[in-house]
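Thank you for making time for this short talk. Please take a moment with the sequence and the structure before I begin.

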Amino acid sequence: MGATIIQFEIPDDLVQLIGSAEATADEAREALVIELLRQRRITQGRASELLGVSRGEMIDLAAHYEVSSGMEDADELRQQIDRIIAQA
């Protein structure tokens, strides 16, 4: 998957509040992904890929931000059904 580098200015006091430029970039990326999930423009699976977290961690993160669990595509539903059947 390709990536685009986007640069924008953030006031120094906000960077200091978060701790570092890297931490600020991480929080900005997380905020964007969470907002796309909130708008149902991406799935939970895609959100977890973009943030490099497991699906369980993504569900916890979405709950932390009070975002519904998000849409699931057909493949995600199939995988979830397969996991349930395997556990039975």
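**How the helices pack**

Let me start at a small local detail: just after α4, residue E66 takes a positive phi of about 55°. A comparable note applies to α3, since G52, just after that helix, takes a positive phi of about 70°. Please keep in mind throughout that what we are looking at is a predicted model.

Now to the helices themselves. Two packed helices are described by the angle between their axes and the distance between the axes. For helix α3, residues 44-51, and helix α4, residues 55-64, the angle is about 100° and the axes lie 9 Å apart, and that makes α3 roughly perpendicular to α4. On the α3 side this contact is made by Q44, G45, A47, S48 and L51, and on the α4 side by R55, M58, I59 and L61; by class, these residues divide into 5 nonpolar, 3 polar and 1 charged.

How do α2 and α3 lie relative to each other? The axes of helix α2, which spans residues 21-38, and of α3 come within 10 Å and cross at roughly 175°, and because angles over 145 degrees count as roughly antiparallel, the two helices are described as roughly antiparallel to each other. Here R29, E30, V33 and L37 of α2 meet Q44, A47, L50 and L51 of α3, a contact with 5 nonpolar, 1 polar and 2 charged residues. If you would like one residue to follow by eye, take V33, which touches I42, A47, L50 and L51, leaving aside residues up to four places away in sequence.

Next, burial. In α3 the buried residues are Q44, G45, A47 and S48, and they cover an arc of only 165° around the axis, which puts them on the same side of α3. In α4 the buried residues are M58, L61 and A62; seen down the axis, they fall within an arc of 100°, so they line one face of that helix. What covers them includes α2 and α3, whereas the face of α4 turned away from this buried side carries the exposed residues D60, A63 and H64.

Finally, the core. The largest nonpolar core has 10 residues, namely V33, I34, L36, L37, I42, A47, M58, L61, A62 and V67. The elements that give two or more residues to this core are α2 and α4, and α2 gives the most, with 4 residues.

How values were computed: Residues numbered from 1 in each chain as written. Predicted model: local features only at pLDDT ≥ 70, side-chain atom pairs only at ≥ 80, totals over all residues. Heavy atoms only, no water. Axes fitted to C-alpha atoms, helices over the stretch in contact; angles between N-to-C directions. Parallel < 35°, antiparallel > 145°, perpendicular 65-115°, else oblique. Contact = heavy atoms within 4.5 Å. Nonpolar A, V, L, I, M, F, W, Y, C, P; charged D, E, K, R; others polar. Core = buried A, V, L, I, M, F, W, Y, C linked by side-chain atoms within 4.5 Å. Buried < 20%, exposed > 50% of the residue type's maximum accessible area, 1.4 Å probe, protein only. Arc of directions from axis to C-beta.
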